[in-house]
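Please study the sequence and the three-dimensional model shown below. The paragraphs that follow lead through the structure step by step, beginning with a single loop residue and moving on to the strands, the core and the cysteines.

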Amino acid sequence: MIAASAVVWKLKSVSAINSVVGTRIYPGKAPQGATLPYICVDRPPGQVPLAKFSTGTGSLRKTPVSVFCFGDQTTGGIKQAGELVELVRAALCPTSGVTASVQWNGTWIDHCTDNGSYDIPEEWSVHEGATRR
């Protein structure tokens, strides 16, 4: 969970994200009854632990991390979650797609890529119980 912890640290260091979620950026699942809005960061299920993927100097290490943004229905809902997604993208994925080997809380990050977001179709209504982003 080294990569996920580094991403949590990075997101907590971004003032624009803090202004929306405060310190409510959680590794894994949010605690029961967590106040919205918040962000969860986790490694997708089935991923090989980093230590087993490759070792040694110069080895390639890829660690997929999922970031989930949850908006508060009473203060913006879908729009708020979408705005959080954009803030997360700006924090983690520079326009070049490369972070030029920076350290996030002691973990070296060589590059980040954004594989997109998973949204429900626009025609679904929030009133029908659907949520988005």
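Proline 37 is located in the loop that connects strands E1 and E2. The peptide bond between leucine 36 and proline 37 is cis, with an omega of about -5°. The structure in view is a predicted model, and this loop residue is a convenient place from which to begin reading it.

One of the residues in contact with proline 37 is glutamine 80. Glutamine 80 belongs to helix H4, which covers residues 77–92. Is this glutamine buried or exposed? With a relative accessible area of 11%, glutamine 80 is buried, because the limit for a buried residue is 20%. Apart from neighbours within four places in sequence, its contacts are Val20, Pro37, Gly71, Asp72 and Thr75. Aspartate 72 also takes part in a polar contact: a polar atom of the glutamine 80 side chain lies 2.6 Å from the backbone nitrogen of aspartate 72.

It is now useful to consider the chain as a whole. The protein chain holds 4 helices and 5 strands. Read from the N terminus, these elements follow the order α-α-β-β-α-β-α-β-β. The chain has 133 residues, of which 29% count as buried. Its exposed surface amounts to about 8,500 Å², and carbon and sulfur atoms supply 55% of that area. Among contacts in the chain with a separation of 6 or more, 46% are between residues 24 or more positions apart.

The strands show how separate parts of the sequence are brought together. Strand E2 spans residues 38–42, and 4 of its 5 residues are buried. Which strands does E2 pair with? Strand E1, residues 25–27, runs parallel to E2 and is joined to it by 3 bridges. Strand E3, residues 66–70, runs antiparallel to E2, and here 5 bridges make the connection. Individual residues can be followed across these pairings. Isoleucine 25 has isoleucine 39 in E2 as its bridge partner, while cysteine 40 stands opposite phenylalanine 68 in E3. A general point helps in reading such strands: in a regular strand, side chains alternate between the two faces of the sheet.

Isoleucine 25, in strand E1, deserves a further look. Its relative accessible area is 1%, so isoleucine 25 is buried. Leaving aside neighbours within four places in sequence, isoleucine 25 is in contact with Val8, Leu11, Lys12, Ile17, Ile39 and Val41. Valine 67 is 42 residues away from isoleucine 25 along the chain, yet their C-alpha atoms are separated by 9.8 Å.

Several of these names return in the largest nonpolar core. This core has 21 residues, and those that touch the most other members are Leu11, Ile17, Ile25, Ile39 and Val41. At least two residues of the core come from each of helix H1 (2–12), helix H2 (15–21), E2 and H4. Leucine 11 illustrates the contacts made by one of these residues. Not counting residues up to four places away in sequence, leucine 11 touches Ile17, Ile25, Ile39, Val41, Val67, Val88, Ala91 and Leu92. As a general tendency, nonpolar side chains are buried together in soluble globular proteins.

Alanine 4 offers another example from helix H1. Its relative accessible area is 2%, and alanine 4 is therefore buried. Beyond residues up to four places away in sequence, alanine 4 touches Val41, Asp42 and Val65. Alanine 4 and proline 27 are 23 residues apart in sequence, and their C-alpha atoms are 6.7 Å apart in space.

The last topic is the cysteines. A disulfide is a covalent bond between the sulfur atoms of two cysteines. How many disulfides are counted in this model? The count is 0. For cysteine 40, the closest cysteine sulfur is that of cysteine 69, and the two sulfur atoms are 9.2 Å apart, too far for a bond because a disulfide requires them to be within 2.5 Å. Both cysteines are nevertheless covered: cysteine 40 counts as buried at 6% relative accessibility, and cysteine 69 counts as buried at 5%.

Notes
Residues are numbered from 1 along each chain as its sequence is written. This is a predicted model: local features need pLDDT of at least 70, side-chain atom pairs count only at pLDDT 80 or more; totals for chains, interfaces and linings use all residues. Side-chain values use heavy atoms; hydrogens and water are left out. Buried means under 20% relative accessible area, exposed over 50%, partly exposed in between (1.4 Å probe, protein chains only). Two strands pair if DSSP finds at least two bridges between them. A polar contact is a pair of N or O atoms within 3.5 Å; within protein, one must be able to donate a hydrogen and the other to accept it, and residues adjacent in sequence count only if both atoms are side-chain atoms. Contact means heavy atoms within 4.5 Å. Accessible areas come from the Shrake-Rupley method with a 1.4 Å probe; for residues, only the protein chains shown count as cover. A nonpolar core is a set of buried Ala, Val, Leu, Ile, Met, Phe, Trp, Tyr and Cys residues joined through side-chain atoms within 4.5 Å.
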